[in-house]
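Dear colleague,

I am handing over the structure below, and after it you will find a short account of what turned up when I went through it. Please read the two side by side.

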Protein chains: 2
Amino acid sequence: MKARVFVSVKPTVLDPQGQTICSALNGLGHNEIAAVRQGKYFDIALTNGVAPERASRLLNEIARDVLSNPVIEDYRVEILD
Amino acid sequence: MKARVFVSVKPTVLDPQGQTICSALNGLGHNEIAAVRQGKYFDIALTNGVAPERASRLLNEIARDVLSNPVIEDYRVEILD
């Protein structure tokens, strides 16, 4: 089973990395770019035989406790197959 | 118009960050986790009035030239709306 966990900075939190990329792109002449926000994702492979509900619960727990900082980040778990 | 650019390490390239996360999760008792690969994504907002074909071409160019290192990374552009 494969899953993907997305972690992004909360919409209310500043993302200086994204802002820097946006300024750099504008500076390179790409004036069509209005805003950039950066996030990260984790492609996770689970061992065979894990039930889908168990996988979903486990991945949400891992995303909350290990992969994201819940003070400033949101996460989203997507089961791929 | 909004788009998302995904950048990931090529499958043939080692991802030590992902391996470290995988070991850490196994060490925490999550033995169902077989492998982890980390990637990043960019949520990009374009100014109004950019034609979809132009946006797609522009974003592919930006992804290739600025957001990824084509020697070790793959990218994928997704137009959201």
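Across the interface of chain A and chain B, the rule finds two salt bridges; please keep in mind throughout that this is a predicted model. In one salt bridge, the side chains of Glu32(A) and Arg54(B) come together at 2.4 Å, N to O. Polar contacts add to this picture, with 12 residue pairs counted between chain A and chain B, both residues being at pLDDT 80 or more.

As for where the side of chain A that touches chain B comes from, strand S1 (2-9), helix H1 (16-27), strand S2 (33-46) and helix H2 (52-67) of chain A each supply at least two residues, and the largest share, 14 residues, is that of S2(A). Sorted by class, that side of chain A holds 19 nonpolar, six polar and eight charged residues.

S2(A) also pairs across the interface: 13 bridges join it to strand S2 (residues 33-46) of chain B, and the two strands run antiparallel. Within this pairing, Arg37(A) stands opposite Asp43(B) in S2(B).

Taking the interface as a whole, 33 residues of chain A are in contact with 33 residues of chain B, and the two chains bury about 2700 Å² between them, with 64% of that on carbon and sulfur atoms. On the side of chain A, the residues that lose the most area to chain B are His30(A), Glu32(A) and Tyr41(A), which together account for 22% of what that side buries. Glu32(A) is thus named twice here, since its side chain also meets that of Arg54(B) in a salt bridge.

With best wishes

How values were computed:
Residues are numbered from 1 along each chain as its sequence is written. Chains are lettered from A and ligands numbered from 1 in the order in which they are written. This is a predicted model: local features need pLDDT of at least 70, side-chain atom pairs count only at pLDDT 80 or more; totals for chains, interfaces and linings use all residues. Side-chain values use heavy atoms; hydrogens and water are left out. Contact means heavy atoms within 4.5 Å. Buried area is the accessible area (1.4 Å probe) that two parts lose on being put together, summed over both. A salt bridge is a side-chain nitrogen of Lys or Arg within 4 Å of a carboxyl oxygen of Asp or Glu. A polar contact is a pair of N or O atoms within 3.5 Å; within protein, one must be able to donate a hydrogen and the other to accept it, and residues adjacent in sequence count only if both atoms are side-chain atoms. Helices (H or I, at least four residues) and strands (E, at least two) are DSSP runs, numbered from the N terminus. Ala, Val, Leu, Ile, Met, Phe, Trp, Tyr, Cys and Pro count as nonpolar, Asp, Glu, Lys and Arg as charged, and the others, Gly among them, as polar. Two strands pair if DSSP finds at least two bridges between them.
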